[in-house]
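Trainee: I should like to learn how to read the features of a structural model in order. May we go through the sheets, the helix contacts and the local backbone features together?

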Amino acid sequence: MSSLPRRAKSEAKIPTSEDDELPSFLSLSSESEEEEEEEWEPKSEIAKRPRLPKKNEAKPKKVAAPRTAVARNKVRKAAIKEEMDVSFAIAPAEDKRMQLLKPKKEDVDTKPKTLHQKPEVPKKVEIHSFQGKNVESLESDEKPSTSVEHEKSEEDFAFDEPPFKKIKSTTSPEGKPVKNLGGNKIKEEFEMNWDIVQALSEITNVEPWVCANLIRLFKEENTIPFIARYRKELINNLEADALREVQQALEELRAVAKKTHTTIQKLKKEGKLSGGLLTALLNCRTSEELDHVSAPYKTGSKGTKAQRAKQLGLEPAALSILQNPMELNLFSYVKPSTKGLSTIQEVEAGVQHILADIFAKDKDTLDFIRKLCQQRYICIQSALAKVSSKSGNEKDIDKFQLYHEFSCNIKSIQHHQILAINRGENLKILTVKVNIPDGVKNEFCWWCVNERWRPKQFLKPELMRILRNSVEDAYKRLIYPLLCREFRSKLTSDAEKESVMMFGRNLRQLLLTSPVRGRTLMGVDPGYKHGCKLAIISPTSQILHTDVVYLHTGQGFREAEKIKRLLLQYNCSTIVIGNGTACRETEAYFADLIMKKYFAPLDVVYCIVSEAGASIYSVSPEASKEMPDLDPNLRSAVSIARRVQDPLAELVKIEPKHIGVGMYQHDVSQTLLKATLDSVVEECVSFVGVDINICSEILLRHIAGLNANRAKNIIEWREKNGPFINREQLKEVKGLGPKSFQQCAGFIRFNQEYIKTFCSNKKKEPGSHAFMTKAGGAQGKKKGKPVSYASQQPNPLDQTCIHPESYDIAMRFLTLIGGNANDIGKSDMQQKVNAVIQKEGLEGTAKRLNTTVHTLQLIIDGLTQPEGFDIRTDFDKPDFKRSIVCFEDLSVGAVLTGKVENATPFGVFVDIGVGKAGLIPVRSITEAKLSKVKKRKSLGLGPGERVEVRVLNVDIPRLRITLDLIRVL
C-alpha cells in the first residue's frame, strides 16, 4: 500500500519573511486584553463544523474598503494566484470522464510564488490526455494535445465554475468533458491573501496538485467512495481517511474566508476599517486568528486598556517614544480634571498600555516569541483542584489519579492525556496550566528593548523605564496568556481530530467484520428478572421463532429442555449471546450444557457479540416498521443474531456513535464526529456493494450519491415495476439524476441468475410484449422517460465493481483477451487475463486501450473476482467457543486467544472471555508481531481481529488485566 500522507503532528512552522501571512498568533481570542485575564478553558460544546455557503445565496455587496495602493495590489495578486493554482489543468480522458492533469515534476518542485511575484498568465491552455503514466513520460506517451486559444487572463482561472460541457469532435463523436474556459470569476468574498491550494497542502501534508484536483472533485459534488475508487489517478491513490481530512480542512478554510469578508463588510460599514487592519484580516487562516484580530473592534465592547488610552489622546505620546523621544513632554498631557490624565502616573500608564498593545500585535514580535518557545521546554501541568479535594465524589477523583500531579512536555504529550486533562478540568477536579520558563521572558524582553523596539534616538531614563515596563506588561498581560491559550487550543484540536479518526477506523473495522453465511442462528439477549430473550433467524435473516426463558431464577434445568427442543426443531447449532447484563452467567449456563453434550447430536458453539445500541434500535421507528408485531425486548435479540449473520446490514440501522468503539466521544465536536462516522458508514456500504433487488431501504440510503429520499424512490420503483434488470434502469427512478447515477452506479450489484430467470419468465407471460418494446415504457412509467429495448437487457458487467463509464473499455479489453462477458468470475477468465498481462504488462495494455493503469486494474478485478465476491471475507469472523474461563482462573504467563474489542492511542482492549477486557499497551504492539499477509493502514490493531496474548499482570481489586501481544492470528 502506498504510504498514506497524514496530518503533520509537528508544531507550526515559523514564517521567515515579511511576505508570509500573519502567523497563528492570532489563533485565539484576544480576551486577554481586558483588565481581568482568564485561563484557557476547554469548551464542553465545541463549535459546529463550518458549513459551505449555498450556491443560491445572495451575493454580499462588494467591499470597497479604503486601502493603500500596496494593499490593493496585494489582494489583487493574491486573488489571481488563488484562481490560477486552484484550476490545475483538466484533460478529456479517453475513458469518457473528466480528469485533472498532474502537473509536471518541474512545476511541482519549484518554490511557490510569493505575493510580490507577479503571476504569469499563459496565452494558451494546453489540455492533455492523461494516460496514467509517470509524470516524465506524459508527453511521449500521449496523443498530440489540442490547444484552445483564449484572451482572458485572471477570469479563466476560477474554481467557481459551471459544470463541464461535452464538446463533440471528429475524434470523439460521443462528446468529452472539457474545461469551460469562460468560467465565472471567483467570488469576491473568498479572496484572501493566501492561496487555498498551498494552504490546504500545508495543513494536510498532501501534494498541491492532488489538493487542486480534490478541490474540483468536491466542487462537482463527488462523494468520497466514488473518488477513492474511480478517480485514483487524480488523487495519487489516497485512502478515504486522507480524503476526509482534506475535505474537512477545505471546508474550514472556505468558512474562514467567508467569515473574514463578513467581518470586513461590518467594519467598513462602521467606519473602523483601515488598510493595515484589512491586510491583517485577509491574512487570517483560522477562525481563532480572525477573532483575535477583530475582537478589539467589536461593537458593544468596553474596549481594551489601550483603546481607552487612545480615546484620551495618548497615542501620539506613545509613538513619540519609539520615533521622536527628544521632543516628547509627558507633562503636557496631564489634565487634572480628566479621569485617566489627572496625574503623570496615569499618563505614563496610558502610554504603557498603548505600547504594550502595539508590541503584542506586531507580527515580527510574535514570530520571535513563538520561535523562542519552540526551542525551549514548555510543559503542561495538572494538579488536583483544592475545591474538589474537599467536596468531591471520591470515585470521580480516583479516575483522574494519574493527573493529580502531572507534568509533560507539550511536544510529547499524548492525545488521550490531553482529553483526560480537559475532562478533569471541566469537572472541576483538576487545575491545568501551561508553564513557560522565565528564561523565555527575559530573552524576549531584552530583544524587544535592544533590537525590535529600540528607539531611534536617545531615550531619557524615565522614558526608558516606560518602554521596559511596556514590554514586560505586553508579555505578562497579553502575550503569555495568548501563548497558553494557543498551545492548549492546538493540543485539544489535534487530540479531538485524532480521537474522531480513531473512532472512524474502529467503526470501519467493525462494519467490515466478515459475515457468517448459511447458518441458522439463535440470538440471546441476557437478563435476570425479565428473563433471557431468544430469537431464531434463518440463513436469509427471516425470524423463525421468538421466546423468553428464565435461566437465572432457579428454573434453569426446565428451560434447558425448551432450548434443546428449539435448537433441534430449527437445526440451529450456533448461539449468539449479547454482552450486556447477565452475559457472564448466561455464557456459563450455555458453556456448561455444551461441555455435557446436552444438545447432542448437535455440535453447538456460541460467541459473544457487542449489544451496544441494540436497545436504542429496538424502540426506534425503523425497528417498529421492520418488526411491527414484535415486543421491543425481542427485537433486540433479533438484532444481536443479525449482527453476526450480516454485521454491516444490521449496524447501519444504529447511529454510529452508539456502537461504542470510540474514545472520549462525548468530549469532541459532535458535528465533526457525526460527519466523519456517517462518511465511514457510506464508505463501507459502498465498497461492499448492495444487491439492488433485495437490499433494505436503510442500507440503500448509505450508498454514495443516494439519500433517504432517493432510496425510498428506488424501493417504490422496485415494488411497482418489479426487479431492476440493469444499472441503466436506475435513471428512470424519480429524483435520480445524472450526478446521483454517476456516484452510486458502481456500488450497486445485480444477481445475474435471478435476473435471467426473471427475464425468461417475463417473456413466457402472455401480453408481455410491452416489456420488450423499443420506445414504450412499462405501465405506470412517467411520460418523458421512455424505456429503450437495450435498457431491458441484463448486462453481466452489472455484477462487478466496474463503473458504467468504463464499460466500453471493459468490452474492448474482453475482445483483446478473447473473453466473453458471460464468463466473468470463472477460472478461464483469470487465465486469459494473466496471459495478456504477462505478455504486454499492465502499463502496455492500458496504453493500448487508451486508458489509465488504475482503471484497467479495476476492470481486471471486476472481471476476475468470483460471482458474489465480498471484500469482507478478508476480515475477521466472530470467535466461536465451547468453554469458559473465569477472571479468578487467570494466572501471570498464561497464553490465551482473544478478539480485539476497541483500539485507542494508548493500547488495545482484547476480550479474552473472562468478562473483562484486557489491555495490550501500545509499546507491546510492534511491526514484527503483526501479520505480514494482511494489508494495514497503520501500526495498530482494529476491532474484530483475533490475537494470541500472554497475561502480564492481573489486578483483581481494580479488575484490570495487562496483556502482551504474541501474534495476530
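Mentor: The discussion below takes up sheets, then helix pairs, then single residues and side-chain pairs. Please keep in mind that this is a predicted model.

Trainee: Let us begin with the sheet that contains E7. In what order do its strands lie?

Mentor: Strands of a sheet pair through backbone hydrogen bonds, either parallel or antiparallel. Here three strands form an open sheet, ordered E8-E7-E9, with antiparallel pairing. Strand E8 (405-409) and strand E9 (430-435) are the edge strands, each pairing on one side only. From one strand to the next, the twist averages 15°.

Trainee: How many bridges join E7 to E9?

Mentor: Strand E7, residues 379-384, is joined to E9 by six bridges, and the two run antiparallel. Within this pairing, leucine 384 is found opposite leucine 430 of E9.

Trainee: Which helix packs on this sheet, and which strands does that helix touch?

Mentor: Helix H16 (residues 415-426) packs on it and touches E7, E8 and E9; the direction of H16 makes about 125° with that of E9. Helix H18 (residues 461-511) also deserves attention, for it lies across E7 and E9 and runs at about 115° to E9.

Trainee: I now turn to the sheet of five strands. What are its strand order and its pairing?

Mentor: This open sheet has the order E12-E11-E10-E13-E14, and its pairing is mixed. Its edges are strand E12 (543-549) and E14, each of which pairs on one side only. The twist from one strand to the next averages 20°.

Trainee: Which residues stand opposite one another between E11 and E12?

Mentor: Strand E11 (residues 532-537) runs antiparallel to E12, and six bridges join them. Lysine 533 is opposite valine 548 in E12, and isoleucine 536 has histidine 545 of E12 as its bridge partner. Two helices pack on this sheet as well. H20 touches strand E10 (521-525), E11, strand E13 (574-578) and E14, with a direction at about 160° to that of E13. Helix H23 (residues 632-645) touches E10, E11, E12, E13 and E14, and its direction makes about 50° with that of E11.

Trainee: Where in the hairpin of E11 and E12 should I look for a positive phi?

Mentor: Five residues lie between the strands of that hairpin, and serine 541 there takes a positive phi near 70°. Another case is asparagine 205, a residue other than glycine whose phi is positive, near 60°. Asparagine 205 belongs to the loop between H4 and H5.

Trainee: How are H4 and H5 oriented, roughly parallel or roughly perpendicular?

Mentor: One reads the crossing angle of the axes. Helix H4 (residues 196-204) and helix H5 (residues 208-219) have axes that come within 9 Å and cross at roughly 115°. H4 is therefore roughly perpendicular to H5. The crossing of H4 past H5 is right-handed. In the contact, Ile196, Val197, Gln198, Leu200, Ser201 and Thr204 of H4 meet Pro208, Cys211, Ala212 and Ile215 of H5. By class, the residues of this contact are seven nonpolar, three polar and no charged.

Trainee: How does the same reading apply to H8 and H9, and which residues make their contact?

Mentor: The axes of helix H8 (residues 275-282) and helix H9 (residues 287-294) come within 9 Å and cross at roughly 165°. H8 and H9 are therefore roughly antiparallel to each other. H8 passes H9 in a right-handed crossing. Leu277, Ala280 and Leu281 of H8 and Leu290, Val293 and Ser294 of H9 make the contact. These residues divide into five nonpolar, one polar and no charged.

Trainee: How many salt bridges does the structure hold?

Mentor: Side chains of opposite charge can pair when their charged atoms come close. The structure holds 38 salt bridges. One of them joins the side chains of lysine 310 and aspartate 357, at 4.0 Å from N to O. This pair links distant parts of the chain, 47 residues apart: lysine 310 is in helix H10 (residues 305-311) and aspartate 357 in helix H12 (residues 344-360).

Trainee: Finally, which residues does a cis peptide bond join?

Mentor: The cis peptide bond joins alanine 600 and proline 601, with omega about 10°. Proline 601 is located in the loop between helix H20 (583-595) and strand E14 (605-609).

Technical notes. Residues numbered from 1 in each chain as written. Predicted model: local features only at pLDDT ≥ 70, side-chain atom pairs only at ≥ 80, totals over all residues. Heavy atoms only, no water. Pairing = 2+ DSSP bridges. Helix = DSSP H or I, 4+ residues; strand = E, 2+ residues; numbered from the N terminus. Axes fitted to C-alpha atoms, helices over the stretch in contact; angles between N-to-C directions. Contact = heavy atoms within 4.5 Å. Parallel < 35°, antiparallel > 145°, perpendicular 65-115°, else oblique. Left-handed = near helix turned anticlockwise from the far one by under 90°. Nonpolar A, V, L, I, M, F, W, Y, C, P; charged D, E, K, R; others polar.
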